[in-house]
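Student: Got a minute to go through this one with me? I'd like to start with the overall fold and then get into the side chains.

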Amino acid sequence: MRCRFSVDPELRKIQSDDLIVYDVELSEYIQRKMNRIQAEKLNPELTESDIQSIYETLSEAIITDSRLRAEHVDKAGSVSRDHSYHVKS
């Protein structure tokens, strides 16, 4: 509302297949476009229930005992070393 577009009144009479939005219609046009984009959005890929379920599953899998965690890290490291691949140049 603090600026003004100057458009020659003769230019407003031009017929075209292109979309023309005049200054007085601009904010209304933007709002309509935003509403349409929101309405066309597909359902989110994950629902709140999905997210909660994933969180709970991960929370249950966390190893909090330091001894068990160290054992797990050692086992994971040995599996990684046993299955490493070497690339020949």
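Student: So how many helices and strands does the chain have?

Tutor: Three helices and zero strands. Keep in mind that this is a predicted model. Reading from the N terminus, the elements go α-α-α.

Student: How confident is the prediction, then? What's the average pLDDT of the chain?

Tutor: The chain averages 76, and 63% of the residues score at least 70.

Student: And which helix has the highest confidence, and which the lowest?

Tutor: α2 is highest, with a mean of 90, while α3 is lowest at 80. As a general caution, predicted coordinates should not be read in detail where pLDDT is low.

Student: Okay, burial next. What share of the residues is buried?

Tutor: Just 1% of the 89 residues in the chain. The chain exposes about 9300 Å², and 55% of that comes from carbon and sulfur atoms.

Student: Which residues make up the nonpolar patch on the surface?

Tutor: L46, I51, I54 and L58. Together they have about 370 Å² of accessible area.

Student: Where does L46 sit?

Tutor: In the loop between α1, residues 26–40, and α2, residues 48–61.

Student: Why does L46 count as partly exposed rather than exposed?

Tutor: Because its relative accessible area is 46%, and exposed would take over 50%.

Student: Switching to charges. How many salt bridges are there?

Tutor: Three in the structure. Let's take α1 to begin with: E28 pairs with R32 there, and the closest N and O atoms are 2.7 Å apart.

Student: How far apart are E28 and R32 along the helix?

Tutor: Four residues, about one turn of α1. R32 is partly exposed, by the way, because its relative accessibility is 46%.

Student: What about α3? Which residues are linked in a network of salt bridges?

Tutor: R67, E71 and K75. E71 meets R67 with an N to O distance of 3.9 Å, and E71 also meets K75, at 3.4 Å.

Student: Hm, 3.9 Å. Why does the pair of E71 and R67 still count as a salt bridge?

Tutor: Because the cut-off is 4 Å between the side-chain nitrogen and the carboxyl oxygen, and this pair comes in at 3.9 Å.

Student: And what's the spacing of E71 and R67 in the helix?

Tutor: They're four residues apart in α3, which covers residues 66–82, so about one helical turn separates them. K75 and E71 are likewise four residues apart in α3, again about one helical turn.

Student: Last thing: how exposed are R67, E71 and K75?

Tutor: R67 counts as exposed at 56% relative accessibility, and K75 is exposed as well, at 52%. E71 is partly exposed, with a relative accessible area of 35%.

Notes: Residues are numbered from 1 along each chain as its sequence is written. Side-chain values use heavy atoms; hydrogens and water are left out. Patches are made of residues with over 30% relative accessible area and no salt bridge: like charges are joined within 9 Å, nonpolar side chains (Val, Leu, Ile, Met, Phe, Trp, Tyr) within 5 Å. Accessible areas come from the Shrake-Rupley method with a 1.4 Å probe; for residues, only the protein chains shown count as cover. Helices (H or I, at least four residues) and strands (E, at least two) are DSSP runs, numbered from the N terminus. Buried means under 20% relative accessible area, exposed over 50%, partly exposed in between (1.4 Å probe, protein chains only). pLDDT is the predictor's confidence in each residue, from 0 to 100.
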